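Ready for a few warm-up exercises? Have a look at the structure below, try each task, and then check the worked solution.

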Amino acid sequence: MNTIEFSALIALGSLLAGFLGALTGLGGGVVVVPMLALLFHVDIRYAIGASLVSVIATSSGAAAAYVREGYSNIRIGMFLETATTVGAIAGAAIALHVSGNAIAIVFGLVLLYSAFLSSRNRVEHGEHMPATKLATTLRLNGTYPTDGGMQSYNVRGVPSGYGLMFGAGVLSGLLGIGSGAVKVLAMDQAMKIPFKVSTTTSNFMIGVTAAASAGLYLNRGYISPGIAMPVMLGVLAGSLIGARVLVKARVKVLRYVFAAVIVVLGFEMIFNGATGRL
Amino acid sequence: MSTRSWNDLRIEVIIGALLRTGVILAAVVVLIGAVVYLAHHGHEVANYSTFHGEPEALRSVTGIVQGALHMSGRAIIQLGLLLLIATPVARVAFSAVAFAIERDYLYVWITLFVLAVLLYSLLGSH
């Protein structure tokens with residue numbers, strides 16, 4: 001296969017990944033690495049470098065739209081970024097020292113977990129929680145727009161949320177993904193932040209987290225222009241198209257299909273990693 | 001309290017514009033690099049199944065800028081990717097200034113910490 005064909009095929013696959021990722025809210029990053037590694041036989045380290053770059057592109061592109069709506073909380077985001085960026089550098093440092101096969105196994109497990117999370121229905125925390133001392137000191141409590149005017153909310157479980165965020169950062173740096181699933185889990189389950197706020201703030205944070213490990217990957221020669229170029233352009237175009245048709249599409253069926261694809265890819269990654277094929 | 005939320009909203013609008021500009025600029029530069037790269041190397045065989053690591057010239061900020069000035073397609077793509085990585089960094093730097101204007105010094109320090117981590121990763125981790 002020559003370079004033009006190779007680039008075109010990867011761009012097409014990335015476009016589809018970005019499109020489905022935006023449509024289902026699961027992010028395109030999770031399928032880019034398995035696609036490159038399993039389908040195109042790209043070394044997993046190059047695949048992770050390219051995926052990180054595409055994660056920054058989609059996160060920043062989407063965040064630009066979200067911040068205008070007033071849902072995201074920049075203080076929660078910035079405070080938790082102290083955990084995710086340090087975690088991301090730790091994750092990237094680990095990635096430099098372990099084998100591609102070990103990374104593939106961890107990747108597979110994270111894919112299975114993401115699919116499991118997406119299949120569950122999320123329940124909005126009903127009543128108003130009292131403010132905690134730490135959240136008040138850190139000025140994390142905020143307001144967000146609803147149909148009935150501005151709604152205030154209080155943030156709970158700051159230490160456990162912070163710990164989970166560090167873990168999300170490590171996974172992001174190790175696997176080249178946004179770890180949106182873990183980020184939302186931390187804010188949603190541990191910190192009891194409303195959905196709209198946790199989803200948009202998480203998206204806002206993903207770009208900064210990915211940038212923390214992308215710098216390290218670039219310095220170590222893990223970001224290859226020949227692969228990162230079609231992946232970044234493809235995923236970005238796909239996610240922009242996906243965001244446009246989001247309103248009209250029947251997303252529920254698509255979510256199940258995409259979750260099924262992720263499960264298959266997860267088992268493939270674990271199998272190939274365990275048998276030493278990557 | 002109402003002035004603070006108004007300020008927050010204004011800052012968020014500027015951050016949104018900053019992010020969008022950064023991503024568009026990066027995508028355009030990557031696209032230009034892609035055209036140059038494929039025009040010169042399009043018919044070579046693509047093989048990325050073994051990891052070699054990129055050469056020194058495509059790893060560091062100075063090497064990438066020099067290569068891009070010499071119209072190397074690969075270096076122009078890397079320059080675009082560098083702009084993309086710099087976009088969230090610029091967002092964090094802007095947030096530090098915004099918190100300082102709001103006199104929220106706790107968050108100025110928190111933001112500067114995040115900025116230091118990002119700059120270490122990008123420039124200091126060689």
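**Exercise 1.** In this predicted model, work out how many residues each chain puts into the contact between chain A and chain B.

*Solution.* Start with the totals: chain A gives 51 residues and chain B gives 53. Next, look at who supplies the side of chain A that touches chain B: helix 1 (3-24), helix 3 (44-69), helix 4 (74-95), helix 9 (195-219) and helix 10 each bring at least two residues. Helix 3 of chain A has the largest share, with eleven residues. Finally, sort that side of chain A by class, and you get 30 nonpolar, 16 polar and five charged residues.

**Exercise 2.** Find out how helix 10 of chain A sits against helix 3 of chain B.

*Solution.* First, the distance and angle: the axes of helix 10 (residues 225-245) of chain A and helix 3 (residues 73-101) of chain B come within 9 Å and cross at roughly 50°. That angle is neither under 35 degrees nor in the 65 to 115 range, so the two helices are oblique to each other. The crossing is left-handed. Now for the residues: Pro225(A), Ala228(A) and Met229(A) meet Arg74(B), Ile77(B), Gln78(B) and Leu81(B). By class, that makes five nonpolar, one polar and one charged.

**Exercise 3.** Describe the make-up of chain A and decide how compact chain A is.

*Solution.* Count the elements: eleven helices and two strands. Then compare sizes: the radius of gyration is 18 Å, close to the 19 Å from the globule rule for 278 residues, so chain A is as compact as a globular protein of that length. As for burial, 58% of the residues in chain A are buried.

Technical notes: Residues numbered from 1 in each chain as written. Chains lettered and ligands numbered in written order. Predicted model: local features only at pLDDT ≥ 70, side-chain atom pairs only at ≥ 80, totals over all residues. Axes fitted to C-alpha atoms, helices over the stretch in contact; angles between N-to-C directions. Helix = DSSP H or I, 4+ residues; strand = E, 2+ residues; numbered from the N terminus. Parallel < 35°, antiparallel > 145°, perpendicular 65-115°, else oblique. Left-handed = near helix turned anticlockwise from the far one by under 90°. Contact = placed C-beta atoms within 7 Å. Nonpolar A, V, L, I, M, F, W, Y, C, P; charged D, E, K, R; others polar. Rg over C-alpha atoms; globule rule 2.2 N^0.38 Å. Buried ≥ 20, exposed ≤ 12 C-beta atoms within 10 Å, placed from the backbone.
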